[in-house]
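Me: I'd like to learn how to read the sheet and the helix packing in a model like this one. Could you walk me through it?

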Amino acid sequence: MPENLYLEFDAFLRSIKQNLDGSFGVLLGAGASISSGIQSANDCIWDWKFLIYQSLSGNQKKLVDPKKSDLSKDIIQKWLDVQGKYPQLGSPEEYSFYAEASYPIDADRTKYFESLCNGKSPYVGYKLLCLLNKYGIVKSVWSTNFDGLVERAAQQANRTLKNTEKELDSQNSEFVSALRRYFVDKNLIIIGYSGRDKSLMSALKEAFTDKGAGRLYWCGYGKDITPEIADLIQTIRSAGRQAFYIDTNGFDNVMLSLVKFCF
């Protein structure tokens with residue numbers, strides 16, 4: 001992967017501080033909620049694979065939860081692969097496909113997600129995000145999440161459940177239009193998002209290839225950049241705008257570092 005896609009974390013902090021007179025939005029993915037006790041998107045995928053395996057395989061042998069056992073993962077994945085109708089392991093389609101395959105009834109799917117959020121409270125990253133909003137640094141928060149932690153942290157009431165590709169596409173034109181208008185002159189910081197949703201990635205690509213001055217900072221977890229993220233960054237740069245990948249230690253660390261450095 002070309003090194004010029006990267007921006008070092010310390011340079012990212014300096015860039016944000018240098019532009020405090022501007023405006024920033026933050027887009028949160030499921031990874032931002034792990035420290036608040038919400039399981040990751042990958043854990044959800046293994047929940048759904050396990051349910052499908054249990055209900056369809058006819059194998060009554062009791063398996064350990066695959067989130068806790070690599071052996072169970074191997075058994076389940078081999079069975080899925082043999083069926084010839086499931087996405088390849090690790091493919092971007094897995095999340096949306098398995099969410100809908102395991103719970104094709106919308107209400108059941110909603111109930112599953114709600115059960116993950118019961119009794120969960122926003123951890124420090126969400127509280128610091130609200131502090132950054134209070135002091136005018138973060139002007140908007142966009143989220144792929146179903147957990148309502150942003151709303152709880154800000155004591156707001158709105159919550160939207162959009163998780164399958166169809167649901168994410170149902171308001172796509174309005175969402176893309178809003179992104180394109182908003183980020184003409186504003187910067188976007190993405191944290192905790194894997195880039196696996198084609199609909200959202202397409203919306204980001206459209207928004208940041210319009211003529212404008214707003215930058216995109218993709219805060220990933222670790223140095224590895226997926227092909228989807230690399231393509232987004234390179235496409236934005238080809239359109240004459242700026243985009244960078246930053247290797248971070250996760251949502252809470254990014255929020256804490258921004259608050260400490262900017263103040």
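Reply: We'll take the sheet and then some helix pairs, bearing in mind that this is a predicted model.

Me: Let's begin with the sheet. How many strands does the open sheet have, and what is their order?

Reply: Start by listing which strand pairs with which. Here you get an open sheet of 5 strands in the order S2-S1-S3-S4-S5, and the pairing is parallel. S2 (138-143) and S5 stand at the edges with a single partner strand each, so one side of each lacks a neighbour in the sheet. On average, neighbouring strands of this sheet are turned by 20° against each other, if you ignore direction.

Me: And what packs on the sheet, touching S1 and S2?

Reply: That's helix H6 (residues 124-134). Its direction makes about 140° with that of S2.

Me: Now take a single strand. Is S1 largely enclosed or open?

Reply: Check burial residue by residue, then look at each side of the strand. In S1, 5 of the 5 residues are buried, so the strand is largely enclosed by the rest of the structure. Phe24, Val26 and Leu28 lie on one side, Gly25 and Leu27 on the other, and both faces are covered.

Me: How many bridges join S1 to S2, and how many join S1 to S3?

Reply: There are 5 bridges between S1 and S2, running parallel. Leucine 27 is a handy landmark there, standing opposite tryptophan 142 in S2. Toward S3, S1 (residues 24-28) again has 5 bridges, also in the parallel sense. On that side phenylalanine 24 faces asparagine 187, while leucine 28 has isoleucine 191 as its bridge partner.

Me: So S3 comes next. Are its residues buried or exposed?

Reply: Buried: S3 (residues 187-191) is mostly covered, with 5 of its 5 residues buried. Asn187, Ile189 and Ile191 point one way from the strand, and Leu188 and Ile190 point the other way.

Me: Which strand does S3 pair with over 4 bridges?

Reply: S4 (residues 216-221), and the pairing is parallel. Isoleucine 191 stands opposite cysteine 219, and isoleucine 190 has tryptophan 218 as its bridge partner in S4. To get from S3 to S4 the chain passes through helix H10 (residues 198-209), making a right-handed β-α-β crossover.

Me: Good, on to helices. What describes two packed helices?

Reply: You give the angle between their axes and the distance between the axes. Try it on H1 and H12: the angle is about 50° and the axes are 10 Å apart. That pair is therefore oblique, and the crossing is right-handed. On the H1 side the contact is made by Phe9, Phe12, Leu13, Arg14, Ile16 and Lys17; the H12 side brings Asn253, Val254, Ser257, Leu258, Phe261 and Cys262.

Me: Which residues of H1 are buried, and what do they pack against?

Reply: In H1 (residues 9-18), the buried ones are Phe9, Ala11, Phe12, Leu13, Ser15 and Ile16. They pack against S1, S3, S4, strand S5 (243-248) and helix H12 (251-262). Try tracing those contacts from the helix to the strands.

Me: Now H2. At roughly what angle does H2 cross H4?

Reply: Roughly 40°, with the axes of H2 (residues 41-56) and H4 (residues 94-102) coming within 9 Å. H2 and H4 are therefore oblique to each other. Their crossing is left-handed. H2 brings Ala41, Cys44, Ile45, Trp48, Lys49 and Ile52 to the contact, and H4 brings Glu94, Tyr95, Tyr98, Ala99, Ala101 and Ser102.

Me: And how are H2 and H3 oriented: oblique or roughly perpendicular?

Reply: Read the angle before you pick the word. H2 and H3 (residues 70-83) pack at about 65°, with their axes 10 Å apart. They are therefore roughly perpendicular to each other, since angles of 65 to 115 degrees count that way. The crossing of H2 and H3 is left-handed. The contact uses Trp46, Lys49, Phe50, Ile52, Tyr53 and Leu56 of H2, together with Lys73, Ile75, Ile76, Gln77, Trp79 and Leu80 of H3.

Me: I see Lys49 and Ile52 in the H4 contact, and Lys49 and Ile52 in the H3 contact too.

Reply: Right, H2 brings Lys49 and Ile52 to H4 and also to H3.

Conventions:
Residues numbered from 1 in each chain as written. Predicted model: local features only at pLDDT ≥ 70, side-chain atom pairs only at ≥ 80, totals over all residues. Heavy atoms only, no water. Buried < 20%, exposed > 50% of the residue type's maximum accessible area, 1.4 Å probe, protein only. Helix = DSSP H or I, 4+ residues; strand = E, 2+ residues; numbered from the N terminus. Pairing = 2+ DSSP bridges. Right-handed = clockwise from strand over helix to strand, strands pointing away. Axes fitted to C-alpha atoms, helices over the stretch in contact; angles between N-to-C directions. Parallel < 35°, antiparallel > 145°, perpendicular 65-115°, else oblique. Left-handed = near helix turned anticlockwise from the far one by under 90°. Contact = heavy atoms within 4.5 Å.
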